[in-house]
Amino acid sequence: GSTRHYHFEIRHQNVTRLCHTKSMVTVNGQFPGPRIVAREGDRLLIKVTNHVSDNITIHWHGIRQLRSGWADGPAYVTQCPIQSGQTYVYNYTISGQRGTLFWHAHISWLRASLYGPLIILPKLNARYPFPKPHKEVPILFGEWWNADPEAVITQALQTGGGPNVSDAYTINGLPGPLYNCSHKDTFKLKVKPGKTYLLRFINAALNDELFFSIANHTVTVVEADAVYVKPFTTNTLLIAPGQTTNVLLKTKSHYPNATFLMTARPYATGLGTFDNSTVAAILEYKTPLNTHHSSPSIKNLPLLKPLLPALNDTSFATKFTNKLRSLASSQFPANVPQKVDKQFFFTVGLGTTPCQKNQTCQGPTNATKFSASLNNVSYIQPTTALLQAHFFGQSNGVYTPDFPTKPLLPFNYTGTPPNNTMVSNGTKVLVLPFNTSVELVMQDTSILGAESHPLHLHGFNFFVVGQGFGNFDPNKDPKNFNLVDPVERNTVGVPSGGWVAIRFLADNPGVWFMHCHLEVHTSWGLKMAWLVLDGKLPNQKLLPPPADLPKC
Ligand code: C2O
């Protein structure tokens, strides 16, 4: 592979949407941020210089970072933040992966404006397992607040309540024509008739899973989280924050006399408030060059709107996710761990904890605040990075290696009312010897009402071997696990009122964050870390930290 250099300069930039102008933290003044393009096997050297007063880190979401955990990016997990005036070079090699991923800030809510596509092309002379597309287009979903998102989350954490919901969703940074004062800020996908386009969808929204559809068109899903899947055709996509989906769009063979809306709006299963608005972009057929009439303006054409599933259509969500299967071909095998060394069971849930003295609590009952937890442990962010503490043998006072492998008290997870709501705080990690084959069942709990949680694991892809509703039954459910062609990904929805089972091989030494990719749940503590120990051989050990690694 070759080496590719990028320079990310973190600067403020004024950006206007919905007639509100605000100063945003950006990479190189761009919103959304610049596109990174590399090939499988390439090395990336991305120099990040921080010119703003906020502390910054950047995460390369979905990149496995084999032995290079120092470049992973979550603040206080693999690195201390890049402080104002400092520079850090993220240095990693992309090995065994190709497809659509993205990069985003991984500290507080700065990813609201710091995100962009990370596209890994196949090796030179390697082909897609589908016909070569005419064109490839990244499509990023995001969220826009008229206020500063940092102020939104700071206020929520001080009051213990839920944060103000966003004012709009965006497609490639633009809210589109269905919002007030937004007509000009519309993304247009200009296409020619009779061609195949590869659309690379990235959900970089903070807090909402989204349904997406294009009026009068179907798409063929070919990849999820940068892993090829068995192709299937659908008119609607479901994509959670942290997930990416590649689809083929075959345009109509003649020039249709219409302009089509593409829209996205939430799939919402929780009790809390959410931004119930619709982002739209336009699919516009270009008039062939050899015709004389000029391109008709959008205003004169009927705008066809797609139909989207109901906001809480869990049955659609389940059907959609069940269709995602690994290609499992000889060229792209599914290396599902067939035997398991360690089984873990995590409850995933929202709850409340008593308010602290410095808070003016507005939680669901008096003097409580929202919290979120895995196995009833709500994560406390340390003041130094876990990976440094581990590498230098200084874990004392930073973390404890006692993350529970199962709930301390088993209970009826989906019953009402549940009988175990005690949440404790801590910085706990779960230690795995090198090459442990892990099976993890994650069970949603209905302590504050059932809700779907997109859980994201750093450092690995995992196979989604099973999912279901109600309480996981360890005697019955594993019999139905798919160990042949389960989808391989880095972010999976724990179903609302249900469970999901994943398997992965812990072959990457380091400290790896796992958290809900709904940013508000992460802020409330729905996160933990795995500590994977070095193996015996030299090539099974974490590399030493780079000299410019920021200090806390
Ligand atoms: Cu996309 Cu830990 O994040």
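Start by colouring the three domains of this predicted model: the domain assignment gives residues 1-127 as domain 1, 130-326 as domain 2 and 342-540 as domain 3.

**Stop 1: where domain 2 meets domain 3**

Keep domains 2 and 3 on screen. Their C-alpha centres are 29 Å apart. Now select the residues in contact: domain 2 brings 28 residues and domain 3 brings 32.

Stay on the domain 2 side of this contact. Three elements to highlight here are α1 (149-159), β15 (227-234) and α2 (314-323), each of which gives at least two residues to the side touching domain 3. Which of them supplies the largest share? Select α1, and you have found it: α1 contributes four residues.

Next, try colouring this side of domain 2 by residue type. You should find 11 nonpolar residues, 14 polar ones and three charged ones.

**Stop 2: a six-stranded sheet**

You have already selected β15, so let that strand lead you onward. β15 belongs to an open sheet of six strands, and you can walk across the sheet in the order β10-β9-β12-β17-β14-β15, with mixed pairing. Which strands sit at the edges? They are β10 (168-171) and β15, and each of these pairs on one side only. Turn the view to look at how the strands cross: ignoring direction, neighbours in this sheet are turned by 25° against each other on average.

**Stop 3: the β9 and β10 pair**

Finally, zoom in on β9, residues 135-144, beside β10. These two strands run antiparallel and are joined over four bridges. To see one partnership, select W144 and then A168 in β10, its bridge partner.

Definitions and conventions:
Residues numbered from 1 in each chain as written. Predicted model: local features only at pLDDT ≥ 70, side-chain atom pairs only at ≥ 80, totals over all residues. Domains from an automatic or database assignment. Contact = placed C-beta atoms within 7 Å. Nonpolar A, V, L, I, M, F, W, Y, C, P; charged D, E, K, R; others polar. Pairing = 2+ DSSP bridges. Axes fitted to C-alpha atoms, helices over the stretch in contact; angles between N-to-C directions.
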